[in-house]
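Student: I would like to learn how to read a new model. Where do we begin?
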Amino acid sequence: MYAYNDIDRRIVAERVTQFRDQTRRYLAGELTEDQFRPLRLQNGLYYEKHNPLLRIAIPYGQLSSKQLRTLARITRIYDRGYGHFTTRHNLQLNWVRVDRVPEILAELAEVDMHSIQSCGNCIRVVTADPLAGVSPSEIADPRPWAELFRQWATLHPEFATLPRKFKVAFSGGPDDAASTRIHDLGFEMLKDTAGNPGFRVWAGGGLGRTPILGRMVRDFLPAAELLNYSEALLRVYNLQGRRDNLYKSRLKVLVQSLGAEEFSRRVEAEWTHLRGGPLTLTPERIAAVMAHFAAPAYENLPHCDARFELARRSDKGFAAWVASNVHAHRVPGYAAVTLSLKRPGKAPGDASAQTMEAAADLAERFGFGELRTSQTQNLILPDVKKSDLYNLWQEAKKFGLATATVGLLADVVACPGGDYCSLAYARTLPVVAEIQARFSSQTELADIGPLRLNISGCVNACGHHHVGDIGILGINKAGEEHYQIILGGRSTAPAAIGKVIGPSVSAAEVPEVVARIVAHYRACRYPKENFSDTLRRIGISSFMSAAYAIEEQTFDNEREVANG
Amino acid sequence: MKSKLLIMKERLQMAKLIKRRAVVANDWNILTLAEGTPPAAARLPYGDVLVPLAVWQARKWDLIQRQWNDGGQGNRLGIWLAPTDDPLTLAGDLEDLDVIAVHFPAVGDGRGYSIARMLRSRLGYRGELRAIGAVERDYLHFLERVGFDAFEIEGDESVLDSFDTFSVAYQPTTIPGSWQHEVAA
């Protein structure tokens, strides 16, 4: 993984000094609340419902065991002994004190971490596939490019006060595990016919109040032009994006109002002045960064491991865990493993200091001391020998890190909701707990198969409710918590925005509605057909009727006709 | 016609002027057009003046002549750009201007940063580039790095420390050889 050099360290250290002075001036009354707000936001410091919240950046999800231990330590000393992993490679501390944030930043700097640009109207933490570099289906490892972009975007003087937040993702290939199309700017790794790396560029995606998928603005961008092109695109947005209305200031609104073709034309026009300029990535610079992501010292192993195969056949619990939490690896004899942060009764993505330390230990014992954070709020060990999987599983179980639900219905993605967030209209965590309780049978979950359930406590969509197979959105209905049900969303390729299926329901009704939708899917699907394909085939109205239990009549009639 | 003119003397006029990291006297008048005033009708104040882009475009010849008549003493001339003004329209005018100022209506309005980059990088403007309006010390290092070398700002001399917040940067600077810091390789 990328190792900081002296310049990276100086920038982070000087940032700590800067923020320490800004905090001091704020606490001394030299900076007003309004003056301090943009400064603290660009350092990931929010004021939340109960307390200030600090959002720590984990660029493209890459984390060393040493860094994770420091995060654990920080949660113990400065918070309540736990943190919350988000959907965009961040760790949020919910209970920090403003006057101690500079100390936290200083501790983070010791392990080459920071919270720079994790909030505010700037280029946010860059994200990438959680399995980058190890996924067998990727075209090329997106991390070196994400790192080059991270450096360029960090404290960029021209783009520190954009119209609105700006999220960027890099995906290694056509699966799009990085969800590039729900980002303001997405780079999808491609190779041209000569094998040269480049990107398909997507722009103007985003969730929130008006969910929109990004549009393709360039079909192939030579990789060396990554930063020149980004500068052109950001400049067009900075100058032409709306600033009169907070809700219309994201890039997606500009792309929609101009049309993707016109927006693309303007970016290209700007790019002609920058192309081949000083930001062009030279082969030497690319090679230098790529060297940081060279493959670790993999052993030469056979594809199959007898002990692993045997354990899988003899231990059902292990087999279930392997089926959901173990992922294919490009190197023979290795696998990537998700350490689940979803346990019934626990907020999705929450991890205690002890859990983080356990995960750090596992990364060292069963890998190269490296972890990833995933978009589904879990941790990943990218390089585990198949022969170690059984031992790893037994160890992970001890720390509650082996919930065998990855990719299944119980692997719920959720924002913190009304329990923590001042923006939320409704709580999410009790609803998640109810759904997980309802679907607690491993056999049932496995039979349902891959299904993504996402829940947000308000329209800002931090829980990505628009892009779950099943999405749940908390709303306020005459002062009561109610929930809209959304179906058919997907954040990876082929991406889709889900549709609201009908009237909202109360918290108590949500598990029943979800159960009916799932039952309908199981009743209607072809063998091995996934949820979105079934939905597309039989239509959303069929699910609508099922969800609200108003279908029996209709279906009985149809059956009669069919049988008659 | 006079009544429709407004010469801003209060906040901006009183603000400190920092030029190339040193505090200097600030004798500049900033001409703003009251709503509905045709730019051609604007009456020019005496002394050093920054005029809106529209006034410059309407009365270029008057303004240049005013400097000649003055024999090159005093009466310096500059223009100020609003965030919606297109800096590229100044392509042929750079040598006639002592100062180009860019107005920041609010700290969070970042359009002026891109305007500065275009003036420096695209048009190759080498003269004074001044940030006016909502200019605060915590943004001086960013402003300088996109090419501003003059700033109208309130506060004591300690604001000058802000230029040295960062000793290195990941991005190349706009003006080679002048106000740049070391650049990360």
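Tutor: Begin with a sheet. This is a predicted model, and in chain A five strands form an open sheet in the order β1-β2-β5-β4-β13, with antiparallel pairing.

Student: Which strands are the edge strands of this sheet?

Tutor: An edge strand pairs on one side only; here these are β1 (45-47) and β13 (350-352) of chain A. Neighbouring strands of the sheet are turned by 30° against each other on average, direction ignored.

Student: How many bridges join β1(A) and β2 (residues 52-57) of chain A?

Tutor: The two strands pair over three bridges, in the antiparallel sense. To follow the pairing by residue, find A:Y46, which stands opposite A:L53 in β2(A).

Student: Which helix lies across β4 (82-85), β5 (90-93) and β13 of chain A?

Tutor: That is α12 (residues 353-365) of chain A, which runs at about 85° to β13(A).

Student: Now the two chains. How many residues does each chain bring to the contact?

Tutor: Chain A brings 36 residues and chain B brings 30. The area buried between them is about 3,000 Å², and carbon and sulfur atoms give 56% of that area. On chain A, A:P157, A:T161 and A:L239 supply 20% of the area this chain buries against chain B, more than any other three residues.

Student: What is the count of salt bridges between chain A and chain B?

Tutor: There are five salt bridges between the chains. One of the pairs is A:R25 with B:D138, whose closest N and O atoms are 2.4 Å apart. As for helices, α1(A) gives the most to the side of chain A that touches chain B, with 10 residues.

Conventions. Residues are numbered from 1 along each chain as its sequence is written. Chains are lettered from A and ligands numbered from 1 in the order in which they are written. This is a predicted model: local features need pLDDT of at least 70, side-chain atom pairs count only at pLDDT 80 or more; totals for chains, interfaces and linings use all residues. Side-chain values use heavy atoms; hydrogens and water are left out. Contact means heavy atoms within 4.5 Å. Buried area is the accessible area (1.4 Å probe) that two parts lose on being put together, summed over both. A salt bridge is a side-chain nitrogen of Lys or Arg within 4 Å of a carboxyl oxygen of Asp or Glu. Helices (H or I, at least four residues) and strands (E, at least two) are DSSP runs, numbered from the N terminus. Two strands pair if DSSP finds at least two bridges between them. Axes are lines fitted to C-alpha atoms, for helices over the stretch in contact, and angles run from 0 to 180 degrees between N-to-C directions.
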